[in-house]
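Notebook open, coffee at hand. I want to go through this chain from the outside in and write down what I look up.

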Amino acid sequence: MATASDGTAWTVGRAMARSVKDGVPAVQKWDGKSWHRQSLPDVGKGELSAVTVVAPDDVWAAGAAYAADDKSPQTALLLHWDGSSWKRVTAPGPQGADAWLGGITALAPDDIWAVGGSTAAGAERPLALHWNGTSWTEAETPNVPDGRLRAVGKAGDGTLWAVGGKGAAPVALRRDARTGRWERAASPGLVVRGFSTVPGSAGLWVAGIAEQGDLVPAVTRWKG
């Protein structure tokens, strides 16, 4: 969920008519009194995992469009609200690979990051996309095994983080402001599903699944 300066709120996910396999991307808007289902472009089956608001007429949602058949790859999904309608925007990514997005954050109208992962030949690795106000481009990321990213955001000290993981394998990437490159950082100690920044601090509150145990919820304050 994300809120706009005019008090409206947006929440994204998946609508299912009968089962999970029938799920399609869905967006709801809160106008201060009730929620309203939004009309979206037909992208087939899929889901939205994250939303970020730049302005009331500038909202981005990220997720995945599922493969239409066994020969087609799953693709990263980006939708944009321009104040009048939602439109699909082409997301770059590895050719022929399954790709998806799990987190998105707007630092400025011309500085937006979306993160997720891609899989080719059974190997999974991080995926990071950047919007410069005109187009989306794929940024280079470390080749981390099982390195799917689920959340992205800037800490109080200005550090940009992308975190996530798969199974019992956490992953954390930090963007070096000097070189403009994503670098692997020390593990936060859990497979992250989401995080919140701490005002005036370099630390983060991270929530997800503990490395040990079977789907054990975990929350910790991480210094990064």
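Below are my entries, with the whole chain first and then a few residues one by one.

**Whole chain**

I noted at the top of the page that this is a predicted model. I went for the secondary structure and got 19 strands and 0 helices in the protein chain. Next I looked up the radius of gyration, which is 17 Å, close to the 17 Å the globule rule gives for 224 residues, so the chain is as compact as a globular protein of that length. Along the principal axes, I have the C-alpha atoms filling a box of roughly 45 × 40 × 35 Å.

I checked burial too: 44% of the 224 residues are buried. For the surface, I wrote down about 11300 Å² exposed by the protein chain, with 48% of that supplied by carbon and sulfur atoms.

How far apart are the mean positions of the positive and negative charges? I get 3 Å, for 23 positive and 22 negative charges.

I also pulled the contacts between residues at least 6 apart in sequence, and 37% of them join residues at least 24 apart.

**His130**

I found His130 in strand β11, which covers residues 123-131. Is His130 buried or exposed? Its relative accessible area is 18%, and the cut-off for buried is under 20%, so I put His130 down as buried.

What does the side chain of His130 pair with in a polar contact? I have the side chain of Asp111 there, at 2.8 Å. Asp111 also turns up in the contact list of His130, next to Asp110, Ile112 and Trp113, and the list goes on with Ser135, Trp136 and Thr137; residues up to four places away in sequence are not counted. I looked at Leu107 as well: 23 residues separate Leu107 and His130 along the chain, and their C-alpha atoms are 11 Å apart.

**Thr8**

On to Thr8, which I placed in the loop between β1 (2-3) and β2 (9-15). Loop or not, Thr8 counts as buried, with 11% relative accessibility. I found a side-chain to side-chain polar contact between Thr8 and Asp6, at 2.7 Å. Setting aside neighbours within four places in sequence, I list Ala2, Thr3, Lys29 and Trp30 as contacts of Thr8.

**Thr159**

Where along the chain does Thr159 sit? I have it in the loop between β13 (149-154) and β14 (160-166). Thr159 goes into my notes as buried, at 16% relative accessible area.

Contacts of Thr159, without the neighbours within four places in sequence, are Gly153, Lys154 and Arg174. I then checked Arg175: Thr159 and Arg175 are 16 residues apart in sequence, and I get 6.9 Å between their C-alpha atoms.

**Asp176**

Last entry. I looked up Asp176 in strand β15, residues 169-176. Asp176 is buried as well, with a relative accessible area of 11%.

What lies 3.3 Å from a polar atom of the Asp176 side chain? I found the backbone nitrogen of Thr179 there. Once neighbours within four places in sequence are left aside, I have Arg181 and Glu183 as the contacts of Asp176.

Terms used:
Residues numbered from 1 in each chain as written. Predicted model: local features only at pLDDT ≥ 70, side-chain atom pairs only at ≥ 80, totals over all residues. Heavy atoms only, no water. Helix = DSSP H or I, 4+ residues; strand = E, 2+ residues; numbered from the N terminus. Rg over C-alpha atoms; globule rule 2.2 N^0.38 Å. Buried < 20%, exposed > 50% of the residue type's maximum accessible area, 1.4 Å probe, protein only. Contact = heavy atoms within 4.5 Å. Areas by Shrake-Rupley, 256 points an atom, 1.4 Å probe, with all protein chains shown as cover. Lys, Arg positive; Asp, Glu negative; His and termini not counted. Charge placed at Lys NZ, Arg CZ, Asp CG, Glu CD. Polar contact = N/O pair within 3.5 Å; in protein donor to acceptor, adjacent residues only side chain to side chain.
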